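Reader: I want to learn how to read helices and buried residues from a model. Where do we start?

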Amino acid sequence: MIIDLWKKLNAILDKIASFLASPFLLVIRLYWGWQFFIAGKGKLMDIETNIERFVGWGIPFPKLNVILAGSTECFGGLFLLVGLFSRVVSIPLIFTMVVAYMTASKLVVQGIFSDPDAFVSAAPFLFMLAAVIVFIFGPGAISVDRWIQKRAR
């Protein structure tokens with residue numbers, strides 16, 4: 001009796017969750033795609049200031065890396081917004097956020113176990129999490145990737 005009730009409840013929750021997956025992924029892509037775009041555009045619009053930051057963080061070839069990180073965030077964010085090449089573009093975005101953690105937030109990474117709140121509160125965390133979500137779950141049904149996939153069939 002209890003097992004049957006659990007199975008029915010679980011089936012209902014599965015249907016609700018599967019219905020919400022694509023709208024959730026759309027919201028993630030729209031919000032964080034825009035945030036990546038703005039962050040990358042900011043780097044590209046003020047390269048000199050960002051070169052100084054990168055030098056301070058000990059990043060080698062600071063001008064090249066400002067342009068590379070800014071372009072990855074800017075154009076990767078635009079691709080996320082429309083849901084085009086979503087999984088592919090999430091890889092360099094994740095890598096860029098890992099580098100941001102290891103350089104700009106080095107002390108936070110070193111204290112990941114002693115102060116986990118600082119780790120999840122650091123600026124790169126939510127950017128990286130959004131990119132990881134898109135990499136794992138894809139862009140969802142409301143995306144150019146899905147449209148292309150349907151047309152290819």
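Author: Start with burial. A residue counts as buried when its relative accessible area is under 20%. This is a predicted model. In α1, the buried residues include Ser22, Leu25, Leu26, Ile28, Arg29 and Trp32. Further along, Gly33, Phe36, Phe37, Gly40 and Lys43 are buried too.

Reader: Which helices do the buried residues of α1 pack against?

Author: Packing is read from contacts, meaning heavy atoms within 4.5 Å. Here the partners are α2 (47–56), α3 (62–82), α4 (86–104) and α7 (123–137).

Reader: Why does Lys43 count as buried?

Author: Compare its accessibility with the cut-off. Lys43 counts as buried because its relative accessibility is 16%. Now look at its surroundings. Beyond its neighbours within four places in sequence, Lys43 is in contact with Asn50, Phe54, Val66, Ala69, Gly70 and Glu73.

Reader: How many residues has α1, and what span does it reach?

Author: Set the span against the expected 1.5 Å a residue. Helix α1 covers residues 2–45, 44 in number. From first C-alpha to last it reaches 61 Å, close to the expected 64 Å.

Reader: Where in α1 does a kink lie?

Author: Check the local bend as well as the span. The kink, of about 35°, lies at Ala21. Pro23 follows shortly after.

Reader: What do the same readings give for α4?

Author: Span: α4 has 19 residues and reaches 26 Å, close to the 27 Å expected. Burial: Val89, Leu93, Ile94, Met97 and Tyr101 are among its buried residues. Packing: the buried residues of α4 meet α1, α3, α5 (106–110), α6 (116–121), α7 and α8 (144–152).

Terms used
Residues numbered from 1 in each chain as written. Predicted model: local features only at pLDDT ≥ 70, side-chain atom pairs only at ≥ 80, totals over all residues. Heavy atoms only, no water. Helix = DSSP H or I, 4+ residues; strand = E, 2+ residues; numbered from the N terminus. Expected span 1.5 Å × (residues − 1). Bend = angle between axes of the 7 residues up to and from the residue. Buried < 20%, exposed > 50% of the residue type's maximum accessible area, 1.4 Å probe, protein only.
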